[in-house]
Number of protein chains: 2
Amino acid sequence: MSDSLQQLIDQMRTGHRLSLARLISKVENGDSERQELIKRLYPLSGSAEVWGITGPPGAGKSTLVDRLTADLRKKGKRVAIVAVDPSSPFTGGAILGDRIRMQQHTSDDGVFIRSLGTRGKHGGLSHATKEVVMVLDAAHFDVILVETAGVGQTELDILRLAHSVLVILVPESGDSIQVMKAGLMEIADVFVVNKADRPEADKLVKELVTMVGLSDHDEHTWLPPIQKTEAFRNVGVTEVIELMAKHQEHLAKTGKKDLKRREFLKSEVFDILVSRLSQSFDGQIQSRSGEDLLSELLQRKIDPYTVADRMSGVI
Amino acid sequence: MSDSLQQLIDQMRTGHRLSLARLISKVENGDSERQELIKRLYPLSGSAEVWGITGPPGAGKSTLVDRLTADLRKKGKRVAIVAVDPSSPFTGGAILGDRIRMQQHTSDDGVFIRSLGTRGKHGGLSHATKEVVMVLDAAHFDVILVETAGVGQTELDILRLAHSVLVILVPESGDSIQVMKAGLMEIADVFVVNKADRPEADKLVKELVTMVGLSDHDEHTWLPPIQKTEAFRNVGVTEVIELMAKHQEHLAKTGKKDLKRREFLKSEVFDILVSRLSQSFDGQIQSRSGEDLLSELLQRKIDPYTVADRMSGVI
């Protein structure tokens, strides 16, 4: 079993796409070999840049990702795209259609595209997403673009995964200020105002400039630059890539990249522990004594904290 | 300390609103007395009905909640409303404005409104939300309406919190079928088609009827009924309440209510364990040996699973 795993890894390392796809599936499906796989791949990872791309539905995320990919390819970079579908009943479904637009890249060996559901039992970007990124990193991709539908918890999770986060907005919603208040400043490393040919574009840019200027900062702070694009017509895309590169330089120079890596690894270890807790919990709660505890709890003879006390001893 | 806690509880039980608000804050802010509080309140809870109200932004959730509240009040029910703000940069902010509409109820002692952020470190509806509902339950509210902005993970979490889930839709998006495919069938106990005066309303109703009919079911399955409303003009609201009551009866009659309670309590215990794991993890990782492990991890001398192995022994 382990031998065939090593074979897959070796083939993946030489650029064999099917092997890569299989390894990713092992991670995504929580295969029994997953732990062994990550143990072997982790030492080989650590050189890729991970970019998060997020924004509200309809902002043009997929088109921008498409254009960024084409531009990065021209620069000789190998690009992997992870599209995270938040599995929301209200937003799901769009991503698959968007992917069709990416078909121009399917014959290109330097581009790899994978859609993932957020199957994480506990919400947000699943633990598996992080490990899929690790696999792609070990597979020699230079840049990994993680595209998330900008809803709910996923934006906060992208901070535990991406070195640089690009937030894409469009000048159509009147509530740009409200958007700002809600915490985007903490997330964005680069702002993109897409569909910049629309009349309200400059107004949105101005508002963003003001917001960025008002944020707490000193000379060491990275202030997110704002780039106008028309992704559809390929306008402003090269500039976006330059800004992302600048942010990467900033991270490297200030030592923030290592700090981020530290945080990412912490959350990876924590995810592993939670997933073990979850397994052990499921096992215990389905046992005879687990059922008894639950019955007492249902009858309100004991309370949830007392049940937790009794269970945590055995975990 | 405990004495003053008991005093707050006693006052809350006699209907003192400020005491209730304080107790909720203790839960929401993760106060040190939180565990003791829940231990005391849990035996007093268990009689409230918990309704989840979810749907896409702009569907009219808050207006419907407003009307449902007025109607339930006429029936003599005490109503608590928990509005969960998913803290999304892209959707946050709307809820506060919506709340202003609810001001008609503020002079009514039988209505209590509270907005909560989803501060849960691990996404979705936070652990605190469940415990806030528990507090309101112990405070003699008959119906607790939990309103969530319909994005991302929160819909799935509502299933671990609400006895009956109402999904509200509007006949404006052309993608009703896609919405269905994405898993709404698993969530909805009652469908509401709001803004039913719009021309496409009947089309949406028909599509929902078809979807419901096509779902896997036998004679014991609850098939979610579909109710047209114009919440703004108070049309169809009483009918919604009747349907929710029918669903509650169905749950009681079939024993499903107890099964749900069981699942809710399981997830409450699990949340407690994760929160303890989180505390213990933070403590360990900040210790000398934790820092050392993390450094080795950063240098790729060891892998995340090995770090987890070394830590889980001490947890």
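These are legends for close-up views of a predicted model.

**View 1. Arg300(A), a non-glycine residue with a positive phi.** Here we're looking at the loop of chain A that links helix 12 (288–298) to helix 13 (304–312), which is where Arg300(A) sits. Its phi comes out near 60 degrees, a positive value, and the residue isn't a glycine. For context, most residues other than glycine have a negative phi. Arg300(A) has a relative accessible area of 21%, so it's partly exposed, given that buried means under 20%.

**View 2. Lys195(B), with a positive phi in a loop of chain B.** Lys195(B) is no glycine either, yet its phi is positive, at about 55 degrees. You'll find Lys195(B) in the loop that runs between strand 6 (190–193) and helix 9 (201–214) of chain B. With a relative accessibility of 26%, Lys195(B) counts as partly exposed.

**View 3. Strand 6 of chain B, covered on both faces.** In a regular strand, side chains alternate between the two faces of the sheet. On one side of strand 6 of chain B are Val190(B) and Val192(B), on the other Phe191(B) and Val193(B), and all of them are buried.

**View 4. Strand 6 of chain B and the strands it pairs with.** Strand 5 (residues 164–169) of chain B runs parallel to strand 6 of chain B, joined to it by four bridges; one of the bridge partners to look for is Val193(B), matched with Leu169(B). Strand 7 (residues 226–228) of chain B also runs parallel to strand 6 of chain B, with three bridges between them, and Phe191(B) has Ile226(B) as its bridge partner there. Getting from strand 6 to strand 7 of chain B takes the chain through helix 9, in a right-handed β-α-β crossover.

Definitions and conventions:
Residues numbered from 1 in each chain as written. Chains lettered and ligands numbered in written order. Predicted model: local features only at pLDDT ≥ 70, side-chain atom pairs only at ≥ 80, totals over all residues. Heavy atoms only, no water. Helix = DSSP H or I, 4+ residues; strand = E, 2+ residues; numbered from the N terminus. Buried < 20%, exposed > 50% of the residue type's maximum accessible area, 1.4 Å probe, protein only. Pairing = 2+ DSSP bridges. Right-handed = clockwise from strand over helix to strand, strands pointing away.
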